[in-house]
Amino acid sequence: MQSSNPVLNRSSAFAPGHGQAYPGAAPYGQQAPYGYGGSGMPPQQYQGAPAASRPMTLDDVIVKTAVTLGVVVAAAAVAWWMIPATLVTPAFLGGMLVAFAIAMVLSFSRKVNPALVMVYAAAEGVFLGIGSKFIAHWVGDSGIIVQAVLATMVTAGLTLASYKYFAIKVTPKFTKMVIIGTMGFAGVMLINLVLSLFGLSTGISGFGPMGLLFAALGAGLAVFNLILDFDMVEQGVRQGAPQNEAWRAAFALTVTLVWLYWNILRILAILRGGD
């Protein structure tokens with residue numbers, strides 16, 4: 001099942017055609033027809049872990065995700081406490097742009113680079129640390145950060161529990177809806193960013209009613225992406241992806257969890273209002 005998360009989309013280990021698949025997909029390990037899945041591109045096929053590598057396990061994904069998130073938290077703490085006021089804006093923009101650029105590189109890489117994942121995590125941490133500090137100051141209470149972190153953990157945990165307990169089936173229709181929604185959301189946010197560079201404000205990224213609406217939409221989409229990502233990881237483990245692919249899964253989950261945290265933090269800030 002193809003995830004809306006481009007990281008998992010590009011992975012040969014998590015490619016469509018393994019485990020559950022779109023109609024018309026070839027069985028696991030066989031060549032699927034060109035253009036299958038509606039992408040117009042030949043699907044990447046995975047033939048199993050090489051002899052020199054053991055298959056990826058769920059523990060591998062959990063450990064590497066914890067390491068990646070740990071780097072994000074450490075970098076965020078350094079950015080919060082150590083970056084002087086005169087460098088806050090360039091560091092914030094720099095962290096955002098570097099994280100975005102590296103995310104694109106990792107998303108389209110056939111073989112994941114663990115060192116690059118760590119650089120991404122550090123850049124994302126700088127962005128989150130400065131952004132979180134700004135919102136905490138705007139609200140007038142640093143405790144909102146703890147609340148947002150706990151809410152993110154609870155939301156992710158409930159999503160995973162629902163996925164497993166209710167045996168949620170990630171169907172092609174569900175996947176397509178999430179992909180379209182995510183792409184549409186990203187497009188709107190990109191347009192909003194461009195408009196903001198010219199001094200035009202739509203309120204989408206602000207702290208008013210429009211900002212609350214889009215933060216809620218973003219959080220909802222992040223939850224749906226988590227479901228797709230959980231399904232892709234499960235299929236990767238089941239089909240014997242190489243151990244190194246756990247880094248790709250960790251990166252993908254980090255991207256989604258960071259997105260979820262940021263939108264939950266904005267929701268809490270908007271509901272509480274500025275100091």
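In this predicted model, the crossing of helices α5 and α7 is right-handed. Helix α5 covers residues 143-165 and helix α7 covers residues 209-238, and their axes come within 10 Å of each other, crossing at roughly 55°. That angle makes α5 oblique to α7. Two packed helices are described in general by the angle between their axes and the distance between the axes.

The next topic is charged pairs. Side chains of opposite charge can pair when their charged atoms come close. In this model, the count comes to 5 salt bridges. Three of these pairs are set out below, each with the distance between its closest N and O atoms.

| Pair | N to O distance |
|---|---|
| Arg54 and Asp60 | 2.9 Å |
| Arg272 and Asp141 | 3.0 Å |
| Glu245 and Arg248 | 2.8 Å |

In the pair formed by Arg54 and Asp60, the two partners can be described by their accessibility. Arg54 has a relative accessible area of 40% and is therefore partly exposed. Asp60 has a relative accessible area of 8%, so this residue is buried.

Arg272 and Asp141 meet through their side chains in another salt bridge. Arg272 belongs to helix α8 (residues 245-272), whereas Asp141 sits in the loop between α4 (114-139) and α5, so the pair ties together parts that are 131 residues apart in sequence. Arg272 counts as partly exposed because its relative accessibility is 41%. Asp141, at 28% relative accessibility, also counts as partly exposed.

Glu245 forms a salt bridge with Arg248. Both residues lie in helix α8, 3 residues apart, which is about one turn of the helix. Glu245 and Arg248 are both buried. Elsewhere, Lys164, Glu234 and Arg238 are joined into one network by salt bridges that share partners.

A further topic is the nonpolar surface. Leu190, Leu193, Val194, Leu197, Phe198 and Leu200 make a nonpolar surface patch of about 650 Å². One of these residues, Leu197, has its place in helix α6, which covers residues 172-197. Leu197 has a relative accessibility of 68%; because exposed means over 50%, this residue counts as exposed.

To review the main points, α5 and α7 cross obliquely and in a right-handed sense. The salt bridge of Arg272 and Asp141 ties helix α8 to the loop between α4 and α5, while the pair of Glu245 and Arg248 lies within helix α8. The nonpolar surface patch includes Leu197, an exposed residue of helix α6.

How values were computed:
Residues numbered from 1 in each chain as written. Predicted model: local features only at pLDDT ≥ 70, side-chain atom pairs only at ≥ 80, totals over all residues. Heavy atoms only, no water. Patch = residues over 30% accessible without salt bridge, like charges linked within 9 Å, V, L, I, M, F, W, Y side chains within 5 Å. Areas by Shrake-Rupley, 256 points an atom, 1.4 Å probe, with all protein chains shown as cover. Salt bridge = Lys/Arg side-chain N within 4 Å of Asp/Glu carboxyl O. Helix = DSSP H or I, 4+ residues; strand = E, 2+ residues; numbered from the N terminus. Buried < 20%, exposed > 50% of the residue type's maximum accessible area, 1.4 Å probe, protein only. Axes fitted to C-alpha atoms, helices over the stretch in contact; angles between N-to-C directions. Parallel < 35°, antiparallel > 145°, perpendicular 65-115°, else oblique. Left-handed = near helix turned anticlockwise from the far one by under 90°.
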